[in-house]
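Work through the exercises below with the sequence and the model open. Try each task before reading its solution.

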Amino acid sequence: MKKFEWHINVILAMALAEGACLFFYWFLAWVENVTTAIVVTSVLLVLFSVIAYRFVLGFTKPWGKVVFAIKRLADGDYTFRTKPTEDRFGLLVPYINELADKLEKSKHTLEHQKDQLNTLVENLGSPLVFIDKNGKIIHTNDLFIQTFHIRHLFAQDFNDLMPYEEIKQIVAETFQTQQTVRRQIVLNFSIERRHFDVYSAPILHGSGKIRGVVAVFHDITELKKLEKMRQDFVANVSHELKTPVTSIKGFAETLLEVGGQDELQEKFFQIIATESDRLQNLINDLLELSKIEQVGFRLDWKSVDLRKILEETKLVLSEKAQKKDIHINISLSGDTVVEADPYRVKQIMMNVMSNALDYSPQGSRVFVSLCEKEDRVLFTVADNGIGIAEEEIPRIFERFYRIDKARSRESGGTGLGLAIVKHLAEALHATIQVKSKKGQGTTFEISFLKRINEGN
């Protein structure tokens, strides 16, 4: 910088001196002879050069300090400060120093935030990777490297390094849709299979343009193993109990038919028959739920008219409704044909409508409707029964959860009906909404897709 300033000063001084001497040369040459003009001009050139240099130096030296200070800041030296001066550029010094203070604070803040981010990423407990908009890996944590056995990551193409096609598809979908993608996948690692819950989220610029993707891989292998053990246990126990319960029920019914017992014995046999019915229903629901939860569970997809299934369901439940003097009002609107499994749809309708009858008071009404709405058909069941408190609504689809335990036992319910409904609705790509207030009845709305797309 010093050498550069000196060159500038000399060039400017020489230019000014030569300009002045040229003027005097022509003037002397015009009034005197040429020799006198050359001698005088040479002397004046030296004199004017010194004067001009001093003048230019006084002008450019403060400016050089300013340029030097700015260059130091541009090079990242935020600790550099400029000393105050009395010249015309002294007014800039406070602003330059203030700029340096702010840049230094910003640097410290960014370093602190970077340290926090690195600590968070490294101690997240799950593999994580950042990918830029060009598909290059820009950051990972050590757990990602250890899990997927990948080396030489940074600034390399993610698709070239990632050996699992399922993960590539999730990241590609995030780039394409610019929406968060969550999916559970199973990956083969040498001699073991591991389950991951993958979150892939877009990194968006303030203008809405995508800048990259961050993907987090939660290892849920142990949870899946525990869930499988629970399912197998329930299925096996239920299967083993089915035969003895059937036998108990059969013997109890036989003893009731034979007769000849005293009143107390007949009462006991009736209790045995009733409780064996309830136990059999519970076992059947447990087996059904275990079957639905199995990985290989398949649906028999067909084009079905929900209107016909609703009529069949009403007919089956008519005796139950008559016992409580409950009238079922049915309302139909639009085309009610959907793609679904008719047997599973009937299970859903049966459970929801049976619940409405169980929790409705004697002599009341249950309102059931099928309504076409754009690409869906809405199945709605509304009662004016005991209702559900708002905080209990998220729990009603849990196994064995009961709103009113006494009433549920009286009705013979198993507490598994809505759990079955939830699983079947998910399998059919249907959605469930529940609206209820304590003491003011409950409305279930299940939305069936008319056409099942390949992406669903």
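The exercises that follow deal with a predicted model, and each task comes with a worked solution.

**Exercise 1. The antiparallel sheet**

Find the strand order of the open sheet with antiparallel pairing, and state which strands stand at its edges.

Solution.
- Step 1. This open sheet has five strands, in the order β2-β1-β5-β4-β3.
- Step 2. The edge positions belong to β2 (137–140) and β3 (181–189). Each has a single partner strand, so one side of each is left without a neighbour in the sheet.
- Step 3. From one strand to the next, the twist averages 25 degrees.
- Step 4. At the β2 edge, β1 (residues 128–132) pairs with β2 in the antiparallel sense over three bridges. Within this pairing, Phe 130 stands opposite His 139 in β2.

**Exercise 2. A helix across the sheet**

Which strands does helix α6 lie across, and at what angle does α6 run to β3?

Solution.
- Step 1. Helix α6 covers residues 165–177.
- Step 2. The strands it lies across are β1, β3, β4 (192–204) and β5 (210–219).
- Step 3. The angle between α6 and β3 is about 160 degrees.

**Exercise 3. The mixed sheet**

Describe the open sheet with mixed pairing: its strand order, its edges and the helix α10 that lies across some of its strands.

Solution.
- Step 1. Five strands make up this open sheet, ordered β7-β9-β10-β12-β11.
- Step 2. Strands β7 (327–333) and β11 (431–436) are at the edges. Because each has a single partner strand, one side of each is left without a neighbour in the sheet.
- Step 3. With direction ignored, neighbouring strands of this sheet are turned by 15 degrees against each other on average.
- Step 4. Strands β9 (residues 365–373) and β10 (residues 376–383) are paired in the antiparallel sense over eight bridges. Thr 380 in β10 is the bridge partner of Ser 369.
- Step 5. Helix α10 (residues 342–358) lies across β7, β9, β10 and β12 (442–449). It runs at about 20 degrees to β10.

**Exercise 4. An asparagine in a loop**

Locate Asn 141 and decide: is it buried or exposed?

Solution.
- Step 1. Asn 141 belongs to the loop between β2 and α4 (142–148).
- Step 2. The relative accessible area of Asn 141 is 0%, so this residue is buried; the cut-off for buried is under 20%.
- Step 3. Asn 118 is 23 residues away from Asn 141 along the chain, and their C-alpha atoms are separated by 8.3 Å.

**Exercise 5. Salt bridges within helices**

Take the salt bridges of Lys 168 and Lys 225, name the partner of each, and classify the residues by accessibility.

Solution.
- Step 1. The whole structure holds 11 salt bridges.
- Step 2. Lys 168 forms a salt bridge with Glu 165, and their closest N and O atoms are 4.0 Å apart. Both residues lie in helix α6, separated by three residues, about one turn of the helix.
- Step 3. Lys 168 has 18% relative accessibility and therefore counts as buried. Glu 165, at 47%, counts as partly exposed.
- Step 4. Lys 225 forms a salt bridge with Glu 222, with 3.8 Å between the closest N and O atoms. These two are in helix α7, also three residues apart, about one turn of the helix.
- Step 5. Lys 225 is partly exposed, with a relative accessible area of 46%, and Glu 222 is exposed, with 54%.

**Exercise 6. A salt bridge between distant parts of the chain**

Where in the chain do Glu 372 and Lys 450 lie?

Solution.
- Step 1. Glu 372 and Lys 450 form a salt bridge whose closest N and O atoms are 2.6 Å apart.
- Step 2. Glu 372 is in strand β9 and Lys 450 is in the segment after β12. The pair, 78 residues apart, links distant parts of the chain.
- Step 3. Glu 372 counts as partly exposed at 32% relative accessibility, whereas Lys 450 counts as buried at 12%.
- Step 4. Asp 335 joins these two residues in a network of salt bridges.

**Exercise 7. A nonpolar surface patch**

Which residues form the nonpolar patch on the surface that includes Leu 226?

Solution.
- Step 1. The patch is formed by Leu 223, Leu 226 and Met 229.
- Step 2. Together they have about 350 Å² of accessible area.
- Step 3. Leu 226 lies in helix α7 (residues 221–258). Its relative accessibility is 53%, so Leu 226 counts as exposed.

Conventions
Residues numbered from 1 in each chain as written. Predicted model: local features only at pLDDT ≥ 70, side-chain atom pairs only at ≥ 80, totals over all residues. Heavy atoms only, no water. Patch = residues over 30% accessible without salt bridge, like charges linked within 9 Å, V, L, I, M, F, W, Y side chains within 5 Å. Areas by Shrake-Rupley, 256 points an atom, 1.4 Å probe, with all protein chains shown as cover. Salt bridge = Lys/Arg side-chain N within 4 Å of Asp/Glu carboxyl O. Helix = DSSP H or I, 4+ residues; strand = E, 2+ residues; numbered from the N terminus. Buried < 20%, exposed > 50% of the residue type's maximum accessible area, 1.4 Å probe, protein only. Pairing = 2+ DSSP bridges. Axes fitted to C-alpha atoms, helices over the stretch in contact; angles between N-to-C directions. Contact = heavy atoms within 4.5 Å.
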